[in-house]
Amino acid sequence: MAIKSFQGVRSKDASKKEYDAPILVEDYMTKKLVTFSPEQSILEVMEAFAKYHISGGPVMDKNGFLVGIISEADCMKQISESRYFNQPILDKSVERFMTKTVQTIPHDMSIFDAAGVFDKHNRRRLPVMKNDILVGQISRKDIVIAALKLSAQNWKK
């Protein structure tokens, strides 16, 4: 006597496991940014770093376009030079110390590809662009948090 299956008809979707966790940079990036202008003083930047507990940020021109990035490392250069040349920190503008050639990533890049960019170029943060407009910033820490969330998603039953 043959054994009959009592499982019934399976839907096509049941055989495919859907992966609905967000994996794009735009899902994990910081959207509310502290930005700076090229005309600001390094002292103002350092005060903002301390006030907002950040270590860097994008530099925007008067039209709202990304023209550079300023970081704590850039400020360290200014602090070092001011002592060496016995000059006050106040009179130096962001434009003089910012990184002008800024590496960016697109908003729709996967966090896995973004992790590769961080690894290859040893950056702490990357501005995120959509149609040549700054829409956010993602850090190495954001990528780690995303990986943890994805890991937790995989283990759910």
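Accessible areas here come from the Shrake-Rupley method with a 1.4 Å probe; for residues, only the protein chains shown count as cover. On that basis the protein exposes about 11,300 Å². Carbon and sulfur atoms supply 53% of that area.

This is a predicted model: local features need pLDDT of at least 70, side-chain atom pairs count only at pLDDT 80 or more, and totals for chains, interfaces and linings use all residues. Residues are numbered from 1 along each chain as its sequence is written, and side-chain values use heavy atoms, without hydrogens and water.

**Fold**

The protein has 7 helices and 5 strands. Helices (H or I, at least four residues) and strands (E, at least two) are DSSP runs, numbered from the N terminus. Along the sequence the pattern reads α-α-α-β-β-α-α-β-α-β-β-α. Of the contacts with a separation of 6 or more, 58% join residues 24 or more positions apart; contact means heavy atoms within 4.5 Å. Buried residues make up 33% of the 157 residues. Buried means under 20% relative accessible area, exposed over 50%, partly exposed in between (1.4 Å probe, protein chains only).

**Aromatic pair**

The whole structure holds 1 aromatic pair. Phe36 and Phe49 meet edge-to-face, at 5.7 Å centre to centre and 85° between the planes. The two residues are 13 residues apart and link distant parts of the chain. Rings of Phe, Tyr and Trp (its six-membered ring) pair if their centres lie within 6.5 Å; planes under 30 degrees apart count as stacked, over 60 as edge-to-face and the rest as tilted.

| Residue | Location | Relative accessible area |
|---|---|---|
| Phe36 | loop between helix H2 (25-28) and helix H3 (42-52) | 3%, buried |
| Phe49 | helix H3 (42-52) | 6%, buried |
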